[in-house]
Amino acid sequence: MLLIHQRLAELYTIGCKRPLTQAELTEQQHCLHANAVYCWEISRLNMEEQLAALTADTLWQQDIAAQLQEVRISGKASRRR
């Protein structure tokens, strides 16, 4: 779980108790944007990993697996290929 996910949970919980302030709404939008980027990156890498498996390209598949691990930990992956 990334810090943005924790903060989204906090903002959600706060919003259940009282209306969010403008600053909190802005922060929520930033977190939602970062989450969308994160989700699309995971999705892209999963699709590439499937392609690598279908083409039996084990080096590519290993590279993608490493990138997926990076994204899951830090939220970003370095482009290796």
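Buried means under 20% relative accessible area, exposed means over 50%, and partly exposed is in between (1.4 Å probe, protein chains only). Keep that in mind while you click around.

This is a predicted model, in which local features need pLDDT of at least 70 and side-chain atom pairs count only at pLDDT 80 or more, while totals for chains, interfaces and linings use all residues. Residues are numbered from 1 along each chain as its sequence is written, and side-chain values use heavy atoms, with hydrogens and water left out.

**Stop 1: L25**

Select L25 to start. At 34% relative accessibility, L25 counts as partly exposed. L25 sits in helix α2, which covers residues 22–54. Helices here are DSSP runs (H or I, at least four residues), numbered from the N terminus. Now add G15 to your selection: G15 and L25 are ten residues apart in sequence, and their C-alpha atoms are 9.4 Å apart in space.

**Stop 2: the whole of α2**

Next, select all of α2. How far apart are the end C-alpha atoms of α2? They are 48 Å apart, which agrees with the 48 Å that its 33 residues should span at 1.5 Å a residue. The expected span is 1.5 Å times one less than the number of residues in the helix.

Colour E24, C31, N35, Y38, E41, I42, L45 and A52, because these α2 residues are buried. Which helices do the buried residues of α2 pack against? Show α1 (3–17) and α3 (58–74), and you have both partners. Contact here means heavy atoms within 4.5 Å.

**Stop 3: a link between α1 and α2**

Time for some charges. Side chains of opposite charge can pair when their charged atoms come close. A salt bridge is a side-chain nitrogen of Lys or Arg within 4 Å of a carboxyl oxygen of Asp or Glu, and by this rule the count comes to five.

Pick R7 and E27, whose side chains form one at 2.8 Å, N to O. This pair ties together distant parts of the chain, with R7 in helix α1 and E27 in helix α2, 20 residues apart. R7 is partly exposed at 22% relative accessibility, and E27 is partly exposed too, at 30%. Add E10 to the view: R7, E10 and E27 are linked in a network of salt bridges.

**Stop 4: R44 and its partners**

Move along α2 to R44, which is partly exposed at 22% relative accessibility. R44 forms a salt bridge with E41, the closest N and O atoms being 2.7 Å apart. Both lie in α2, three residues apart, about one turn of the helix. Is E41 buried or exposed? At 16% relative accessibility, E41 counts as buried.

Then select E48, whose side chain meets that of R44 in a salt bridge at 2.6 Å, N to O. E48 and R44 are four residues apart in α2, so about one helical turn separates them. E48 counts as partly exposed, at 22% relative accessibility.

**Stop 5: A56**

Finish at A56, in the loop between α2 and α3. Most residues other than glycine have a negative phi. A56 has a positive phi of about 55° although it is not a glycine. With 61% relative accessibility, A56 counts as exposed.

Methods. Helices (H or I, at least four residues) and strands (E, at least two) are DSSP runs, numbered from the N terminus.
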